[in-house]
Amino acid sequence: MSDKNANKSEKKPIFKKWWFWVIIVIVLVGIAGAAGGNNNEPTKVDSNTSSSEQKSEEKTDFAVGDVIAYDGKEITVVSVQRNYDSGNEYYKPESGKEFVKISIKIENKSDSKMSYNTYDWEIQDSDGDIQSADGGLQFTVDGALNSGDLAPGGKKSADLYFQVPSGDSNLVLHYKSSLWSDKTVNIKL
């Protein structure tokens, strides 16, 4: 009879073993932690509702005029001017290309300093060619976004300049807020 009892204790169902439940608890805690995570994802803020009614949805694709909110910071592409003329008779776009001036607004609604930089921005044309801002204009025209910091509550309005194929109607502006993150926001122009 003692042999029968010994065999029964060895053949306990797995859900009756203590280590099984420890593993289940660890997995559940891990899932809950991943789902709760921090919310550093860019979101679209509906400016037609009050702040208490604002609903935001996580997304990476935006349009001109959308407020892109993340980490207490807000960025808005205010306007796009095609065929921009800098007024400099010596600095003209390459053949078959045009200058595009993109006006942006940045607001730091967080409690910490926010850095901004021209190199956070790139433009993609319909062929998939991604380019940085045009250095000839970006660093010589008044009002251009360069680099700096915004204190908490600070605001900055500035312009970005790019050289793109003339008449390209599928331009997408890319914004990447950090060298340490692969997250990119896309604004259809």
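Strand 8 (residues 121-124) and strand 9 run antiparallel to each other in this predicted model, and three bridges link the pair. One of the matched pairs there is Q124 with I130, the latter sitting in strand 9.

These two strands belong to something wider. They are part of an open sheet of five strands, ordered 3-13-12-8-9, in which the pairing is mixed. At the edges sit strand 3 (61-63) and strand 9 (130-132), each with a pairing partner on one side only. On average, and ignoring direction, neighbouring strands in this sheet are turned by 30° against each other. As a reminder, strands of a sheet pair through backbone hydrogen bonds, and they can do so parallel or antiparallel.

Now for strand 6 (97-108). Strand 5 (73-81) pairs with strand 6 in the antiparallel sense, over eight bridges, and S79 faces S103 of strand 6. Strand 6 also pairs with strand 11 (residues 155-165), again antiparallel, this time over eleven bridges. Here I106 stands opposite K156 of strand 11. Strand 6 is mostly covered, with ten of its twelve residues buried.

Is E107, a strand 6 residue, buried or exposed? E107 has a relative accessible area of 12%, so it counts as buried, the cut-off being under 20%. Setting aside neighbours within four places in sequence, the contacts of E107 are G72, K73, E74, M114, G154 and K155.

Where does N83 sit? N83 is in the loop between strand 5 and strand 6. The backbone is worth a look at this spot: N83 has a positive phi of about 55°, although it is not a glycine. For context, most residues other than glycine have a negative phi. N83 is exposed, because its relative accessibility of 60% is over the 50% cut-off.

Over in helix 2 (residues 18-36) you'll find I24. I24 helps make a nonpolar surface patch of about 1,100 Å², along with I14, W18, W19, W21, V22, I23, I26, V27, L28 and I31. Why does I24 count as partly exposed? Its relative accessible area is 32%, which means it falls between the 20% and 50% cut-offs.

Here are the three residues side by side:

| Residue | Relative accessible area | Class |
|---|---|---|
| E107 | 12% | buried |
| I24 | 32% | partly exposed |
| N83 | 60% | exposed |

Definitions and conventions: Residues are numbered from 1 along each chain as its sequence is written. This is a predicted model: local features need pLDDT of at least 70, side-chain atom pairs count only at pLDDT 80 or more; totals for chains, interfaces and linings use all residues. Side-chain values use heavy atoms; hydrogens and water are left out. Patches are made of residues with over 30% relative accessible area and no salt bridge: like charges are joined within 9 Å, nonpolar side chains (Val, Leu, Ile, Met, Phe, Trp, Tyr) within 5 Å. Accessible areas come from the Shrake-Rupley method with a 1.4 Å probe; for residues, only the protein chains shown count as cover. A salt bridge is a side-chain nitrogen of Lys or Arg within 4 Å of a carboxyl oxygen of Asp or Glu. Helices (H or I, at least four residues) and strands (E, at least two) are DSSP runs, numbered from the N terminus. Buried means under 20% relative accessible area, exposed over 50%, partly exposed in between (1.4 Å probe, protein chains only). Two strands pair if DSSP finds at least two bridges between them. Axes are lines fitted to C-alpha atoms, for helices over the stretch in contact, and angles run from 0 to 180 degrees between N-to-C directions. Contact means heavy atoms within 4.5 Å.
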